[in-house]
Amino acid sequence: MSRRPPHATEPAPTLVTATDDLAALCGRLRTERFVAVDTEFMRERTYWPELCVVQLAGERDVAVIDVLAPGLDLAPLGGLLADPAVTKVFHAARQDVEIFLLKFGFVPAPLFDTQVAAMVAGFGDQVSYDALARALAGAHIDKAHRFSDWSARPLSPAQIAYAASDVTHLRRIYTALTARLEREGRLDWVAEEMAVLADPATYRTDPETAWERLRPRTTNRRFLGVLRAVAAWREREAQRINIPRQRLVKDETLLEIAATAPETPADLARARGITEGFAKGKTGASLLAAVRAAKELPESDLPEAPRERGGPAPSPALVALLKVLLAAKSEESHVAPKLLASSEDLDRLAAGDGADIPALHGWRRAVFGEAALALKAGRLALGVEGRRVKLIPVG
């Protein structure tokens with residue numbers, strides 16, 4: 001909760017536990033330009049996030065919705081989140097949006113992420129809500145309840161106050177950021193980033209590509225085929241029984257299973273982290289079936305080894321020079337460097353001018369990409385003036 005005295009015009013938060021009250025709240029909020037949104041959920045023991053609390057704040061309302069209240073129908077909330085006339089404002093929106101996509105089957109729209117907007121406005125990479133609250137709302141956030149058990153009932157007054165503060169200050173953060181970005185002509189930059197968050201594909205996990213996250217260091221296609229099969233099996237099984245994937249089978253165990261391709265429960269039980277009971281039970285049998293099916297695949301159906309980037313490796317010195325330029329352009333334009341270009345972008349840019357990377361498209365090209373190409377072509381040099389890096393045109 002906030003230690004800052006509440007603003008004179010701010011109402012006290014209300015706890016919503018009945019459908020009629022939720023419908024009335026959402027009806028009022030649908031008359032406003034924007035609504036600040038946050039969630040509290042539990043995921044430590046489950047694959048799917050368990051939504052426990054939703055916080056909403058408009059100009060006149062601040063409410064904490066007890067999602068677990070008996071008989072509460074969340075349909076009015078779904079209507080609010082789908083209303084195209086009301087901007088839904090989040091901070092670090094991905095997990096919240098994923099929850100609503102699972103709950104309602106759609107991404108809240110239109111949406112605005114203040115963490116992304118803050119990166120465009122020069123507050124650095126992945127700035128925290130606490131930092132923005134201090135800088136733009138003059139508030140200090142007490143995070144004592146960050147790790148509360150939000151599934152326990154009843155919710156305490158301290159939990160309700162803490163939850164409400166996460167949207168109360170978000171309203172002022174949003175209005176300050178949008179005013180600043182509008183003055184600087186950068187609202188369109190934020191809109192480009194919001195397109196990624198608004199795409200439902202951003203939140204979908206394809207079991208058939210789960211193996212790629214394990215970054216196997218081998219060109220053995222049979223190994224990769226088994227790894228793909230067991231990683232897909234783990235993803236589906238974890239979803240089915242709703243437990244975290246690492247609690248079902250750890251990454252290192254999957255890699256070991258892919259390497260040894262066990263055929264019997266006894267073989268499977270030799271893998272680290274696999275108990276004899278697991279290996280001999282139904283879960284172990286289904287895992288062995290996945291291994292067996294992968295071993296029987298024809299060579300043509302096996303995955304290709306991860307491709308090495310073609311051509312010679314980029315010069316480490318050139319990559320370092322591009323990093324200096326990135327830092328200088330970030331400082332000059334007041335945009336977080338991570339938003340302008342990633343480390344992989346710099347590697348690909350150093351390796352060739354034709355790289356199809358975000359840094360060479362749209363507003364990023366204007367802010368950083370053109371200067372990077374000029375630096376590579378010898379049309380731009382870097383120097384030092386006082387305590388700052390200076391860009392020096394050449395020729």
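Helices (H or I, at least four residues) and strands (E, at least two) are DSSP runs, numbered from the N terminus. The model is predicted: local features need pLDDT of at least 70, side-chain atom pairs count only at pLDDT 80 or more, and totals for chains, interfaces and linings use all residues. Residues are numbered from 1 along each chain as its sequence is written, and side-chain values use heavy atoms, with hydrogens and water left out.

**View 1. The whole chain.** The chain holds 17 helices and eight strands. Its C-alpha trace spans about 75 × 70 × 35 Å along the principal axes. Of the 395 residues, 47% are buried; buried means under 20% relative accessible area, exposed over 50%, and partly exposed in between (1.4 Å probe, protein chains only). Contact means heavy atoms within 4.5 Å. Among contacts between residues at least 6 apart in sequence, 64% join residues at least 24 apart.

**View 2. The end of helix H10 and Ala-261.** Helix H10 covers residues 251-260, and its buried residues are Thr-253, Leu-254, Glu-256, Ile-257 and Ala-258. An α-helix has 3.6 residues a turn, so residues three or four places apart point the same way. The buried residues of H10 pack against helix H8 (221-241), helix H11 (265-269) and helix H13 (282-295). Ala-261 sits in the loop between H10 and H11. Its phi is near 45°, a positive value in a residue other than glycine. Ala-261 counts as buried because its relative accessible area is 15%.

**View 3. Arg-215 in the loop between H7 and H8.** Arg-215 belongs to the loop that links H7 and H8. This residue, not a glycine, has a positive phi of about 50°. Most residues other than glycine have a negative phi, and most peptide bonds are trans. Is Arg-215 buried or exposed? Arg-215 is exposed, because its relative accessibility is 69%.

**View 4. Two cis peptide bonds.** The bond from Ala-109 to Pro-110 is cis, with omega near -10°. Pro-110 lies in the loop between H3 and strand S6 (111-113). A cis bond also joins Arg-153 and Pro-154, with omega about 5°. Pro-154 is placed in the loop between H5 and H6.

**View 5. The largest pocket.** The largest pocket encloses about 1,200 Å³ of space. Of its 41 lining residues, the closest to the centre are His-91, Ala-92, Ala-93, Gln-95 and Gln-115. On a 1 Å grid over the protein atoms alone, a pocket is an open set of points where a 1.4 Å probe fits, with protein on both sides within 12 Å along at least five of seven lines; lining residues have an atom within 4 Å of a point. Grid points are joined across faces, edges and corners, and the volume is the space filled by probe spheres set on the points. Elements that each supply at least two lining residues include strand S2 (34-42), helix H3 (94-104), helix H4 (114-120) and helix H6 (157-183). S2 gives the most, with six residues. The lining divides into 18 nonpolar, eight polar and 15 charged residues. Here Ala, Val, Leu, Ile, Met, Phe, Trp, Tyr, Cys and Pro count as nonpolar, Asp, Glu, Lys and Arg as charged, and the others, Gly among them, as polar.

**View 6. Nonpolar cores.** The largest nonpolar core has 94 residues, and Leu-22, Leu-56, Ile-65, Leu-77 and Phe-368 make the most contacts inside it. Its largest share, ten residues, comes from H6. A second, separate core of 30 residues includes Leu-224, Ala-258, Ala-290 and Ala-294. A nonpolar core is a set of buried Ala, Val, Leu, Ile, Met, Phe, Trp, Tyr and Cys residues joined through side-chain atoms within 4.5 Å. Beyond four places in sequence, the residues that Leu-56 touches include Leu-25, Leu-29, Val-35, Ile-65, Leu-77 and Val-167.

**View 7. Two buried acidic side chains, Asp-38 and Glu-235****.** Asp-38 lies in strand S2. Asp-38 is buried, with a relative accessible area of 13%. Leaving out residues up to four places away in sequence, Asp-38 touches Val-53, Val-54, Gln-55, Asp-96, Asp-166 and Val-167. Glu-235 lies in helix H8. At 0% relative accessibility, Glu-235 is buried. Outside its neighbours within four places in sequence, Glu-235 is in contact with Tyr-47, Thr-205, Pro-207, Ala-210, Arg-213 and Arg-245.
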